[in-house]
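Please open the model in your viewer and keep the selection panel at hand. The tour below goes from one selection to the next and says what is found at each stop.

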Amino acid sequence: MGRAAAGPASAGARAPEDAGPVEGRALLVVGDVVTDVVARHRVPLAPGTDTAAVIRTVPGGAGANVACWAAYQGAAEVRLLGRVGVEAAAWHERELAAQGVRPRLVVDPQAPTGTVICLVDEGAAAERTFLTDSGASLRLEPADWSDTLLDGVARLHLSGYLLFAASSSALATVALEAARARGVPVSLDPASAGFLEQLGAERFLELVEGVDVLLPSRDEARLLTGVADAADAAAVLSRRVPLVVAKQGCEGALVARAGRVCARVPAVPAKPRDTTGAGDAFTGAFLAALLAGADPEAAAAEGCRAGARAVERVGGRPPAPE
């Protein structure tokens, strides 16, 4: 499975050479980089005929979105390891760099960049449905990893999408083991309730053993525990993972440790336009706050603020820097 570099700043998984790392302060995100086609429709979909919509093509991917929001929230240095197809590699690299992220994009010569069609109902909740072609994004493999990626890194974040394909799951395991060997804390966002249900809760929990922070949505926490109550589900998960921060959408977030919920963080009011990437925004802001020295409750409050900003925008990325 050959690969090439995406642009002059990326060469597989080599450590950055264009500038030295910020010692012990960087965030490394490993995850998916995809192209989002967002279709916003005002009326219900009409099977077999046309439904009027506003359609835009924007950069996305849970891993990439988290990295961009962390940079937007002021993280000192954010790096991203991902895999893309030849046809969109240069565009994705430019978009990530413009958001302040240092991309390390492996270019897949065989598979196209992952693509997600996001159907957004412009009703009051701006709810969305995804049609996902993972493409190159889940073809990351252990050969794409180098331990030098952890030089100067204070935290490693893994997108849960990595666990839903054999090669990228193997890469996630290698990265997790390398981080633990260096004493670098690791966070993970399960990313998809649909894919998680297919994988199975026990298998997922086996794969994330050793993770320090888990950031599930309410539905993901329920799937992982079989517990209907959101707070109880977060508490149960915190017996397996030291810190669980369960995102609750318009109800804020729950922070759980050692089998109990220790904080309930309220949501920030917002008028939703597109909920795509709201959870990624939360995660990125949360991690940036932790890197800045905030405690988990304060970091979760930053996450809620970022999530509110995200739902008022189309697409999963933050505003472009001025």
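In which sense do strand β3 and β4 pair, and over how many bridges? Select residues 34-41, which make up β3, in this predicted model: β3 and β4 pair in the antiparallel sense, and the pairing runs over seven bridges. To look at a single position in this pairing, pick Thr35, whose bridge partner in β4 is Pro59.

Next, widen the selection to the sheet around this pair, an open sheet of four strands in the order β4-β3-β7-β8, with mixed pairing. At its edges lie β4 (54-60) and β8 (128-133), each of which pairs on one side only. If you view the sheet along its strand order, the twist to look for averages 20 degrees from one strand to the next. Then add residues 89-98, helix α2, which lies across β3 and β4 and runs at about 80 degrees to β4.

Now move to residues 218-225 and 230-237, helices α6 and α7, which pack at an angle of about 60 degrees with their axes 9 Å apart. Angles from 65 to 115 degrees would count as roughly perpendicular, and the angle found here therefore makes α6 oblique to α7. The crossing in which α6 passes α7 is left-handed. To display the contact, show Arg218, Ala221, Arg222, Leu224 and Thr225 on α6, together with Ala230, Ala233, Val236 and Leu237 on α7. Coloured by class, this contact of α6 with α7 shows six nonpolar residues, one polar residue and two charged residues.

The last stop is strand β12, residues 243-247, where five of the five residues are buried. In a regular strand, side chains alternate between the two faces of the sheet. For β12 it is worth selecting the two sides separately, with Leu243, Val245 and Lys247 on one and Val244 and Ala246 on the other, all of them buried, so that both faces are covered.

Which strands pair with β12? Strand β11, residues 213-214, pairs with β12 in the parallel sense over two bridges, and Leu214 stands opposite Val244 there. Strand β13, residues 253-257, pairs with β12 in the antiparallel sense over five bridges, and in this pairing Lys247 of β12 stands opposite Ala253. Finally, follow the chain from β12 into β13, since the two form a hairpin with five residues between them, and stop in the turn at Gly249, which has a positive phi of about 60 degrees.

Key:
Residues are numbered from 1 along each chain as its sequence is written. This is a predicted model: local features need pLDDT of at least 70, side-chain atom pairs count only at pLDDT 80 or more; totals for chains, interfaces and linings use all residues. Side-chain values use heavy atoms; hydrogens and water are left out. Buried means under 20% relative accessible area, exposed over 50%, partly exposed in between (1.4 Å probe, protein chains only). Two strands pair if DSSP finds at least two bridges between them. Axes are lines fitted to C-alpha atoms, for helices over the stretch in contact, and angles run from 0 to 180 degrees between N-to-C directions. Angles under 35 degrees count as roughly parallel, over 145 as roughly antiparallel, 65 to 115 as roughly perpendicular and the rest as oblique. A crossing is left-handed if the near helix is turned anticlockwise from the far one by less than a right angle, and right-handed if clockwise. Contact means heavy atoms within 4.5 Å. Ala, Val, Leu, Ile, Met, Phe, Trp, Tyr, Cys and Pro count as nonpolar, Asp, Glu, Lys and Arg as charged, and the others, Gly among them, as polar.
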